[in-house]
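Grab a pencil and work through these exercises with the picture open beside you. Try each task yourself before you read its solution.

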Amino acid sequence: MTTRIGRRSALRAMSVTGVGLLAVTPEAAAAPAAAPAYIDRDDPRYDELTTGVNQRWVARPEYIAVPRTTEEVVAAVQRAVDEHRTLSVRSGGHCLADHVFNDSVTAVVDMSAMTRVSYDAQRGAFGVEAGALLLNVYDELYKSWGVTIPGGFCYSVGIGGHVCGGGFGLLSRRDGLTVDHLYGVEIVVVGPDRVARAVLATREPGDPLRDLWWGNTGGGGGNFGVITRYWFRSPGVRGPAPRNQLVNPPEKVLVSAVPVPWAALNEERFVRLLRNVGRWYEANSAVDSPYTALSGSVTLTHASSGALTLLTQIDAGVTDAKALLNDYLRALLDGVADASIITPPKLFPWLRATRFLSTGSAIGNNPAVRSDNHAAYHLRGHTDEQAAIIYGALTSDEIHNHHAMVVINPVGGRVGAVGPGDTAVAQRGAIMKVLYQSLWTDPADDAANIAWATRLFRAVYADTGNVPVPNDRTDGCYINYPDTGAADPDANLSGIPWHELYHKGNYARLQYVKSVWDPHDIFHHPQSIRLP
């Protein structure tokens, strides 16, 4: 359990120097005073920088600041504060809701020019600037030092928002969440005096800023300040060499993609598939399970796509890796389809597989993509009744969209080795994460796709007020898949507030962190931490 530092101690720490807590990096200390690039509405770059990956969300701010150093971030934040701007922050632009781009935003800090990945021998930690995209981070960490972080497998997600929401990916069952390896956070905050400062908060027990580090280990983006750099070092490191300071990924992995034809499915077989998925995850999600080396997704696309997909990756170096993979696939397909549809897995070096899996989605890479998204954590699999509801939606003539889907990812394993209060991620006991999603490109299709995804999500959790309330089967929602419907009283009929779904018992402490480090609520959006 982390130790809460008193408000006075934190505020005293903020006043150590006139402009900030400390010179957070040698390069920042040496940098001359400078202003970031400011892009206004007359600039040809403006349209590119006022929307994210989801083209449903667009803003018309007065300007976008594009800093290249921490000092420039401080200058950009100070200008927004002095001008009383409504400020938002963009990293990779993958926010699924309108938290970054909406009508109220009048200034954006775009972190995409800050992408450096480095190693600090004095700290024994790897520094990653907040604008770096995940695939570039994996490339640099692995090629330069032979290490990685257990982050997501969508290549263009920016690390700035990904990590502070917890961070989850294909190595998480083996190595935990990304925040389980987070040593420190360099962040620009605005104190009671309305002055912007860069501070460094670490997980060190005696750090007076430790609560600020904790708040950024799952509290979500846009809450406390502008994160400029993350510092990564795994707990219990094995020696001074850089290679020993962080996760070593598998040398090689086996990758399997098994299509299950819709033509071979009926409702009974589909329900059996989801029953198999839930039971397998329930039985194989322990911290010491031999299946922590295995991860992937069960992607249940609309029947118009022709087939569902079981995508699986396993560390090829574990004992009996092929047998473990085959047993897993046979368990999921039992009573659903003949095992003959299982094709031999492909053997790849880990980084090559990561690059292939993260860049392979045509719709995900489409610059016109629009989406609607709803998510849930599960402690147990879907009920047969819920599975039947999903089957009905996926076989409905309401839409004919190959990219309307339900995606199930296994959690469990080492994710559960950390207590629910040790970081801000409260859902440490979940066995799977479920995303109800539709993606499309034509704005004329907005209404049909939004209605389809929304109705499906609410119908699956209708017995608990249209949302996955924390109980003996479900465990709330993943903050990196934000859904503004959770705060809509016409949608969420559970009586459970949206923040309980995302943060559970950690919300009061997150509010405390907010009160200390953002007392004027400079950093806010529709689902940010509220001041107490």
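Below are five exercises, each with a worked solution.

This is a predicted model, so local features need pLDDT of at least 70 and side-chain atom pairs count only at pLDDT 80 or more, while totals for chains, interfaces and linings use all residues. Residues are numbered from 1 along each chain as its sequence is written, and side-chain values use heavy atoms, with hydrogens and water left out.

**Exercise 1. A helix and its neighbours**

Task: Check the span of helix 4 (residues 134–145), then find what its buried residues pack against.

Solution:
- Step 1. Let's get the terms straight: helices (H or I, at least four residues) and strands (E, at least two) are DSSP runs, numbered from the N terminus.
- Step 2. The expected span of a helix is 1.5 Å times one less than its number of residues. Helix 4 has 12 residues, so it should span 16 Å; its end C-alpha atoms are 16 Å apart, which agrees.
- Step 3. Now pick out the buried residues (buried means under 20% relative accessible area, exposed over 50%, partly exposed in between, with a 1.4 Å probe and protein chains only). In helix 4 they are L134, L135, V137, Y138, D139 and L141.
- Step 4. Look for contacts, meaning heavy atoms within 4.5 Å. The buried residues of helix 4 pack against strand 5 (117–120), strand 6 (125–129), helix 5 (159–164) and helix 10 (350–359).
- Step 5. Step off the end of helix 4 and you land on G146, whose phi is positive, near 75°.

**Exercise 2. Two open sheets**

Task: Work out the strand order in the sheet of four strands and in the sheet of five strands.

Solution:
- Step 1. Two strands pair if DSSP finds at least two bridges between them.
- Step 2. Four strands form an open sheet with mixed pairing, and their order is 1-2-4-3. Strand 1 (37–40) and strand 3 (87–90) are the edge strands, each pairing on one side only. From one strand to the next, the twist averages 25°.
- Step 3. Zoom in on strand 2 (residues 63–66) and strand 4 (residues 107–110): they run parallel and are joined by three bridges. Y63 has A107 in strand 4 as its bridge partner.
- Step 4. Helix 3 (residues 70–82) lies across strand 1, strand 2, strand 3 and strand 4, at about 155° to strand 2. For such angles, axes are lines fitted to C-alpha atoms, for helices over the stretch in contact, and angles run from 0 to 180 degrees between N-to-C directions.
- Step 5. On to the five strands: they make an open, antiparallel sheet in the order 5-6-9-7-8. Here the edge strands are strand 5 and strand 8 (196–202), each pairing on one side only, and the twist averages 20° from one strand to the next.
- Step 6. Strand 6 and strand 9 (residues 226–232) run antiparallel, with four bridges between them. V128 stands opposite Y230 in strand 9. Helix 4 packs on this sheet and touches strand 5 and strand 6, its direction making about 45° with that of strand 5.

**Exercise 3. Strand 12 and its partners**

Task: How many bridges join strand 10 to strand 12, and how many pair strand 11 with strand 12?

Solution:
- Step 1. Strand 10 (residues 252–261) and strand 12 (residues 307–315) run antiparallel and are joined by nine bridges. P261 has A307 in strand 12 as its bridge partner.
- Step 2. Strand 11 (residues 294–301) pairs with strand 12 over six bridges, in the antiparallel sense. G296 stands opposite T312 in strand 12.
- Step 3. Strand 11 and strand 12 form a hairpin with five residues between them, and G306 in the turn has a positive phi of about 100°.

**Exercise 4. Two residues to classify**

Task: Are E268 and H84 buried or exposed?

Solution:
- Step 1. E268 sits in helix 8 (residues 267–283). Its relative accessibility is 64%, so E268 counts as exposed.
- Step 2. E268 and A387 are 119 residues apart in sequence and 9.7 Å apart in space, C-alpha to C-alpha.
- Step 3. H84 lies in the loop between helix 3 and strand 3. At 62% relative accessibility, H84 counts as exposed too.
- Step 4. H84 is not a glycine, yet its phi is positive, about 55°.

**Exercise 5. A look inside**

Task: Which residues line the largest cavity?

Solution:
- Step 1. On a 1 Å grid over the protein atoms alone, a cavity is a set of points where a 1.4 Å probe fits but cannot get out; lining residues have an atom within 4 Å of a point. Grid points are joined across faces, edges and corners, and a volume is the space filled by probe spheres set on the points.
- Step 2. Searching the whole structure turns up five cavities of 30 Å³ or more. The largest cavity holds about 110 Å³ of space.
- Step 3. Its lining is Y138, I149, P150, G151, G152, F153, G169, L170, L171, Q313, W350 and T354.

How values were computed. 1 Å grid on protein atoms, 1.4 Å probe; cavity = no way out; pocket = protein on both sides within 12 Å on 5 of 7 lines; lining within 4 Å.
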